[in-house]
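Here's a quick tour for anyone opening this structure for the first time. Take a look at it, then read on.

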Amino acid sequence: MSRGVLATEKRGIRELGAEEFVGWDEVTQGVILPSFESELKENVSHIRPEERDYSDFNSYTATVASWRVIKPVYNRDICIDCQNCWVWCPDTSIISRDKQMLGIDYDHCKGCGVCVEVCPTNPKSLLMFGEAEETEDALAKWPEKKKKAK
Ligand code: SF4
Ligand code: SF4
């Protein structure tokens, strides 16, 4: 049995009528894989991500955490809620509510480091650490504010 994008019982049987699981390279061309279980009755951007009725096909239901070797750690004490990281993250993995940065969605963050690059504070409010680093240990190693050269 091949494993791939449709390698779940729900996907293979319900949507494709397949008797066996199928892999990503066996999907019938042109098949429609809906992102949501039910028809949307309102603008989905008004529904919080964790409250959306995602279908099994939506990439939100899959974690990519195991792809990462380094991860961003967030330091609330320094953050100015500028939202730069939220705007630039290519995987929408910055969790923000009402323009307040809350943290990182580690299920979908791929560890690219873009959020760290665009963070404007001194020191940065996001820094990359090894995947195994505990948050408390990372925060204890946070650098001091850099003084401007005269
Ligand atoms: S490391 Fe990359 S994927 Fe993860 S939160 Fe930062 S910008 Fe997003
Ligand atoms: S870019 Fe930095 S300062 Fe701005 S919201 Fe993100 S963590 Fe906070």
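What follows is a short briefing, from the overall layout down to a few local details.

Keep in mind that this is a predicted model. The protein has 150 residues, and 14% of them count as buried. There are two ligands to look at, and each has 13 residues around it.

**Overall layout**

- Four helices and four strands make up the secondary structure of the protein.
- Going along the sequence, you'll meet them in the order α-β-α-β-β-α-β-α.
- If you take the contacts between residues at least 6 apart in sequence, 45% of them join residues at least 24 apart.

**The two ligands**

- Around ligand 1, the residues that come nearest are Cys89, Cys109, Cys112, Val114 and Cys115.
- The shell of ligand 1 splits into eight nonpolar, three polar and two charged residues.
- Around ligand 2, Cys79, Cys82, Cys85, Cys119 and Ser125 come nearest.
- The shell of ligand 2 has eight nonpolar residues, four polar ones and one charged one.

**The nonpolar core**

- Ten residues form the largest nonpolar core: Val73, Tyr74, Cys85, Cys89, Ile94, Met101, Cys115, Cys119, Leu126 and Leu127.
- Strand 1 (70-74) and strand 4 (126-130) are the elements that give two or more residues to this core.
- Some names turn up twice: Cys89 and Cys115 belong to the core and also sit among the residues that come nearest to ligand 1.
- Likewise, Cys85 and Cys119 are core members that are also among the residues nearest to ligand 2.
- Leaving aside residues up to four places away in sequence, Cys119 touches Asn84, Cys85, Lys124, Ser125 and Leu126.

**The hairpin**

- Strand 2 and strand 3 run antiparallel and are joined by four bridges.
- One pair to look for is Ser96 with Met101, its bridge partner in strand 3.
- The two strands form a hairpin with two residues between them, and Asp98 in the turn has a positive phi of about 50°.
- Lys99 lies in the loop between strand 2 and strand 3 (100-104), and its phi is positive too, near 60°.
- Is Lys99 buried or exposed? Lys99 is exposed, because 9 other C-beta atoms lie within 10 Å, and a residue with 12 or fewer gets that label.

**Unusual backbone spots**

- As background, most residues other than glycine have a negative phi, and most peptide bonds are trans.
- Thr92 isn't a glycine, yet it has a positive phi of about 40°.
- You'll find Thr92 in the loop between helix 2 (84-88) and strand 2 (94-97), and it counts as partly exposed because it has 13 C-beta neighbours inside 10 Å.
- Asn122 and Pro123 are joined by a cis peptide bond, with omega at about -5°.
- Pro123 is in the loop between helix 3 (114-118) and strand 4.

**A link across the sequence**

- Glu131 is in the loop between strand 4 and helix 4 (135-140).
- Glu131 and Ile70 are 61 residues apart in sequence, yet their C-alpha atoms are 4.7 Å apart in space.
- Besides Ile70, Glu131 touches Arg68, Val69 and Lys71, not counting residues up to four places away in sequence.
- Why is Glu131 called partly exposed? Glu131 has 14 C-beta neighbours inside 10 Å, and that label covers the range between exposed (12 or fewer) and buried (20 or more).

Notes:
Residues numbered from 1 in each chain as written. Chains lettered and ligands numbered in written order. Predicted model: local features only at pLDDT ≥ 70, side-chain atom pairs only at ≥ 80, totals over all residues. Near = placed C-beta within 6 Å. Nonpolar A, V, L, I, M, F, W, Y, C, P; charged D, E, K, R; others polar. Contact = placed C-beta atoms within 7 Å. Core = buried A, V, L, I, M, F, W, Y, C linked by C-beta atoms within 7 Å. Pairing = 2+ DSSP bridges.
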